[in-house]
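Q: Hi, I'm new to this one and would like a quick tour. Could you show me the structure so we can chat about it?

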Amino acid sequence: MPSRSSRSSLRTRRRVAVVGAGVSGLTAALRLDLLGHDVEVIEAADTLGGRFGLDKLGDRPVMTGGKNIGRQYHTFRWFTSELGSAAYESFGYNASRIKDGEVLTLDSERRSQTLKNIRRMGSTRDFARMAAMAARIRADRRNRFLGSRYFSGVSRKHDHAPLSAFFGPEMTDMLVRPMVIRNNGAEPDEVYPGTFGTNLSMLMDHYDQLTGGIQPVLDAFAKRVTVRLNTAVEGLRTRDGRITGLRVAEAGGEAEDLDYDGVVLATPAYATAEIVRSARPRLARRLGDVNYFPSTVVLVEYDRDVFTHEVRALAMDDGPCSNAGSYGQEERHIVRYTYSGREGRLTDRGPETIDRLTTETEERLVRHLGAPRAERVALLVKHWPAAYCGYLPYHAEFLAEVREDVAGVAGLELAGDYIQGVSIEACARTGRAAAGRLATHLGTPELTA
Ligand SMILES: Cc1cc2nc3c(=O)[nH]c(=O)nc-3n(C[C@H](O)[C@H](O)[C@H](O)COP(=O)(O)OP(=O)(O)OC[C@H]3O[C@@H](n4cnc5c(N)ncnc54)[C@H](O)[C@@H]3O)c2cc1C
């Protein structure tokens with residue numbers, strides 16, 4: 001049964017649906033609710049949160065997906081504070097690389113050491129290129145996100161070849177590859193220079209985590225906004241170029257039609273493509289061009305700390321495990337092993353393979369960090385077939401085409417990771433912006449009542 005918002009209905013309130021209960025959809029729904037609309041969130045899974053990836057490690061609730069929140073994540077922090085959960089604790093950006101047997105640490109709290117280490121990771125030309133992009137990001141927040149004027153220019157000039165051709169081989173291996181594997185699950189030859197600003201901006205932030213995790217935020221959300229779980233949206237209903245509703249199927253049952261005045265599709269590009277396919281086949285085809293890459297996350301709880309305060313994550317490039325990191329700054333006895341990038345696309349995820357791979361990485365941590373040998377207490381495997389968006393070349397042109405097509409359906413708006421970037425902040429921004437546009441189209445209830 002959907003939970004109801006307690007707010008009384010106004011005559012002019014419009015009934016709107018937000019499809020997808022990840023951060024993009026949750027932010028859109030909250031904004032529409034605040035603007036006085038009658039919002040229903042429709043989610044195919046049985047929980048809210050999408051790629052926050054709520055799960056359990058033993059008895060302990062954990063997040064297997066996105067959980068690091070930058071200090072620059074203003075929209076997401078607005079979202080959590082509106083829902084009464086504004087308590088964050090510092091995590092930092094800490095990713096170390098091994099070069100010539102030495103651990104080089106990149107840490108947002110130690111900027112000059114980090115810069116020195118980056119300088120050692122490639123040629124002067126590459127460092128200058130990277131520094132020029134960083135200066136643009138620092139000068140203008142919009143350059144943190146896809147679609148900015150500066151990075152659209154980079155895209156037009158350089159997207160004829162992948163990112164691996166933009167920087168030299170040493171910088172690509174040492175710095176660029178761990179960044180794009182971490183943020184896009186992709187190799188440098190699978191992403192394009194025009195989207196690199198989203199990666200670099202992540203290195204230039206300082207990270208926190210929600211003290212109580214995302215669950216209290218989701219609980220507060222569900223008290224406020226109507227939510228339909230276990231309900232998959234199959235298609236749009238339109239008449240005379242405007243939205244009239246959605247075709248949905250609850251818990252795998254018969255499809256039914258629901259009436260809405262407006263819809264935000266806050267789903268990944270491939271899922272959005274399926275929903276719009278019969279009403280807008282050209283839009284569906286274009287959305288199908290967006291790349292996604294898989295990832296497997298293994299969380300292990302140990303009987304003692306594995307990482308130190310100084311080194312809390314290690315990026316690796318010579319095996320399937322691309323990154324091993326502590327779960328929290330003070331939770332260094334829980335390690336998150338991420339398998340992504342070409343070698344990390346695990347097809348066999350059976351217990352024996354996971355055990356063998358985990359043992360191999362544990363041995364490396366002992367060797368490189370002098371980490372103590374620790375006993376496993378609990379283990380959790382989460383596989384994401386489409387974990388991260390890897391975008392596409394000439395993203396600005398793609399966005400312009402998508403916008404034009406969506407403008408042909410009054411009352412339809414899109415949000416999601418393929419629009420401004422994969423970060424939680426970029427997703428939240430698209431949700432908030434889509435809600436604002438839809439509200440403008442529908443008219444604000446308080447003003448028209
Ligand atoms: C392992 C991992 C770690 C990450 N770490 C970080 C991090 O630390 N910091 C950071 O900023 N970002 C991180 N990210 C990225 C970030 O978490 C994601 O990009 C973001 O959460 C995506 O949110 P979304 O709402 O766009 O999509 P989703 O969270 O995927 O939400 C979309 C929802 O739509 C639902 N849906 C799909 N199709 C339908 C349909 N037809 N009908 C109804 N519902 C449907 C899905 O079930 C899903 O719940 C990480 C991602 C992963 C996978």
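Q: How do the residues lining the second largest pocket divide into nonpolar, polar and charged?
A: Happy to help! This is a predicted model. The lining of that pocket divides into 16 nonpolar, 7 polar and 8 charged residues.

Q: And what volume does the second largest pocket have?
A: Its volume is about 620 Å³. There are 31 lining residues, and the closest to the pocket's centre are Leu399, Arg403, Ile419, Gln420 and Arg437.

Q: Which elements give two or more residues to that lining?
A: Those are helix H5 (149–158), helix H12 (395–407), strand S20 (412–414) and helix H13 (424–442).

Q: Which domains does the pocket lining draw at least three residues from?
A: Both domain 1 (15–56 + 72–87 + 212–290 + 392–448) and domain 2 (102–205) supply at least three residues each.

Q: Let's turn to cavities. How many of 30 Å³ or more are there in the whole structure?
A: The search finds 3. The largest cavity has a volume of about 140 Å³. Of its 18 lining residues, Arg144, Thr198, Ser201, Met202 and Ser423 are the closest to the centre.

Q: Which element gives the most to the lining of the largest cavity?
A: That's H7, with 4 residues. Helix H7 (196–203) and H13 each supply at least two. By class, the lining has 7 nonpolar, 8 polar and 3 charged residues. Domain 1 and domain 2 each give at least three residues to this lining.

Q: How much space lies in the second largest cavity?
A: About 50 Å³. The residues that line this cavity are Phe145, Leu146, Gly147, Phe151, Ser152, Ser155, Gly194, His395 and Ala396. H5 and H12 are the elements that give two or more residues to the lining, and H5 gives the most, with 3.

Q: And how many nonpolar, polar and charged residues are in that lining?
A: There are 4 nonpolar and 5 polar residues, with no charged ones.

Q: New topic: in what order do the strands run in the open sheet?
A: The order is S10-S2-S1-S14-S20, an open sheet of 5 strands with parallel pairing. At the edges are strand S10 (226–228) and S20, each of which pairs on one side only. From one strand to the next, the twist averages 20°.

Q: Over how many bridges do S1 and S2 pair?
A: Strand S1 (residues 15–19) and strand S2 (residues 38–42) pair over 5 bridges, in the parallel sense. To find a spot to look at, try Arg15, which stands opposite Asp38 in S2.

Definitions and conventions
Residues numbered from 1 in each chain as written. Predicted model: local features only at pLDDT ≥ 70, side-chain atom pairs only at ≥ 80, totals over all residues. Heavy atoms only, no water. 1 Å grid on protein atoms, 1.4 Å probe; cavity = no way out; pocket = protein on both sides within 12 Å on 5 of 7 lines; lining within 4 Å. Points joined across faces, edges and corners; volume = space filled by probe spheres on them. Nonpolar A, V, L, I, M, F, W, Y, C, P; charged D, E, K, R; others polar. Domains from an automatic or database assignment. Pairing = 2+ DSSP bridges. Axes fitted to C-alpha atoms, helices over the stretch in contact; angles between N-to-C directions.
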